[in-house]
Amino acid sequence: MGQGAGVDKRTTQRLKRGQLPIEARLDLHGLTQAEAHTRLDRFLAGAQDRGQRCVLVITGKGRINQEGGVLRQMVPRWLNTPPSRGRVLSMSQAQPKDGGGGALYLLLRKRR
């Protein structure tokens with residue numbers, strides 16, 4: 001996870017620290033992989049269309065005895081494939097107040 005091209009260091013640091021205002025949230029708890037992937041794509045498209053820049057995606061932490069939940073592992077992969085890859089400038093694990101390891105801050109590209 002990290003900084004994308006076109007994101008300055010200050011903005012990247014503010015994203016990591018949870019200092020950018022969260023303009024939309026998506027909670028994927030309890031969904032199947034197929035449902036979660038579809039909702040994530042729709043959510044990102046809608047947020048970008050509305051001009052929202054910083055969004056929070058909650059995946060959940062998964063089972064403690066595993067390496068984390070399926071969605072926690074899959075969401076970053078999905079974000080690195082089209083069409084999500086073209087919408088997301090940067091991502092970072094959320095701060096504990098916003099879900100910590102079970103959530104991601106995403107900085108979206110401006111709509112052209």
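**Helix crossing and salt bridge**

Guide: Helix α2 passes helix α3 in a right-handed crossing. This is a predicted model, where local features need pLDDT of at least 70, side-chain atom pairs count only at pLDDT 80 or more, and totals for chains, interfaces and linings use all residues. Residues are numbered from 1 along each chain as its sequence is written, and side-chain values use heavy atoms, with hydrogens and water left out.

Visitor: What makes the crossing of α2 and α3 right-handed?

Guide: The direction of turn decides. Right-handed means that the near helix is turned clockwise from the far one by less than a right angle; anticlockwise would be left-handed. α2 and α3 fall in the right-handed class.

Visitor: What makes α2 oblique to α3?

Guide: The axes of α2 (residues 33–49) and α3 (residues 70–79) cross at roughly 45° and come within 11 Å. Under 35 degrees is roughly parallel, 65 to 115 roughly perpendicular, over 145 roughly antiparallel, and the rest oblique. The crossing angle therefore makes α2 oblique to α3. Axes are lines fitted to C-alpha atoms, for helices over the stretch in contact, with angles from 0 to 180 degrees between N-to-C directions. Helices (H or I, at least four residues) and strands (E, at least two) are DSSP runs, numbered from the N terminus.

Visitor: Which residues of α2 and α3 meet?

Guide: Contact means heavy atoms within 4.5 Å. On α2, they are Gln33, Ala36, His37, Leu40 and Leu44; on α3, Val70, Leu71, Met74, Val75, Trp78 and Leu79. These residues divide into 9 nonpolar, 2 polar and no charged.

Visitor: Why is the pair of arginine 111 and aspartate 49 called a salt bridge?

Guide: A salt bridge needs a side-chain nitrogen of Lys or Arg within 4 Å of a carboxyl oxygen of Asp or Glu. Here the N to O distance is 3.3 Å, so the pair qualifies. The structure holds 2 salt bridges.

Visitor: What makes arginine 111 and aspartate 49 a link between distant parts of the chain?

Guide: They are 62 residues apart. Arginine 111 is in the segment after β4 (103–108), and aspartate 49 is in α2.

Visitor: Where is glycine 101, and what does glycine 101 contact?

Guide: Glycine 101 is in the loop between β3 (88–93) and β4. Apart from neighbours within four places in sequence, glycine 101 contacts Lys61, Arg72 and Gln93.

Methods: Ala, Val, Leu, Ile, Met, Phe, Trp, Tyr, Cys and Pro count as nonpolar, Asp, Glu, Lys and Arg as charged, and the others, Gly among them, as polar.
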